[in-house]
Amino acid sequence: MSEGPKWLQCPICKESFNWELPVEALKKVKRFPAPVIIKHKDHYLICYLDSHYQLADTEVAAAMVESE
Ligand SMILES: [Zn+2]
């Protein structure tokens, strides 16, 4: 199980950035993949993490971008 910062490529601006795993929040998660909302600059991403805290999927949080 890997903890600590992860590199992620933003699907919106295609920029790679370092992202800290919300380890404490993930410890309370009972079901995986768990969606985690990440703010990057002025947009939001939804990352799905599996039970090994590996990135299963990344999604653009379109609804949240529109409501900003
Ligand atoms: Zn971005």
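A residue counts as exposed if 12 or fewer other C-beta atoms lie within 10 Å of its own, as buried if there are 20 or more, and as partly exposed in between. Keep that yardstick handy for this predicted model, starting with lysine 14: it has 7 other C-beta atoms within 10 Å, so it is exposed.

**The overall layout**

The protein chain has 68 residues, and 4% of them count as buried. It holds two helices and five strands, and reading along the sequence you meet them as β-β-α-β-β-β-α. As for contacts between residues at least 6 apart in sequence, 24% of them join residues at least 24 apart.

**The sheet**

Which strands make up the open sheet, and in what order? There are three, arranged β3-β4-β5 with antiparallel pairing. β3 and β5 are the edge strands, each pairing on one side only. On average, neighbouring strands of this sheet are turned by 25° against each other, if you ignore direction. In general, strands of a sheet pair through backbone hydrogen bonds, in either a parallel or an antiparallel way.

Now for the two pairings. Strand β3 spans residues 34-40 and is joined to β4 by seven bridges, the two running antiparallel. On the other side, β4 and β5 are also antiparallel, with five bridges between them. β4 itself covers 43-49 and β5 covers 55-60.

A couple of β4 residues let you trace a path right across the sheet. Take cysteine 47: it is the bridge partner of valine 36, and it also stands opposite threonine 58 in β5. Tyrosine 48 in β4 does much the like, standing opposite proline 35 and opposite aspartate 57 in β5.

**Turns and odd backbone angles**

Most residues other than glycine have a negative phi, and most peptide bonds are trans. Here are some residues with a positive phi:

| Residue | Phi | Where |
|---|---|---|
| Lysine 14 | near 65° | loop between β1 (5-9) and β2 (16-20) |
| Lysine 41 | about 55° | loop between β3 and β4 |
| Tyrosine 53 | near 60° | hairpin of β4 and β5 |

Lysine 41 belongs to a hairpin with two residues between its strands, β3 and β4. Is lysine 41 buried or exposed? It has 10 other C-beta atoms within 10 Å, so it is exposed. The hairpin of β4 and β5, where tyrosine 53 sits, has five residues between the strands.

There is a cis peptide bond to look at too. It runs from phenylalanine 32 to proline 33, with omega near 0°. Proline 33 is found in the loop between α1 (23-27) and β3.

**Serine 51**

Back in the loop between β4 and β5, you will also find serine 51. Why does serine 51 count as partly exposed? It has 13 C-beta neighbours inside 10 Å, and the exposed class stops at 12. Along the chain, serine 51 and arginine 31 are 20 residues apart, yet their C-alpha atoms are separated by 8.1 Å.

Terms used. Residues numbered from 1 in each chain as written. Predicted model: local features only at pLDDT ≥ 70, side-chain atom pairs only at ≥ 80, totals over all residues. Helix = DSSP H or I, 4+ residues; strand = E, 2+ residues; numbered from the N terminus. Contact = placed C-beta atoms within 7 Å. Pairing = 2+ DSSP bridges. Axes fitted to C-alpha atoms, helices over the stretch in contact; angles between N-to-C directions.
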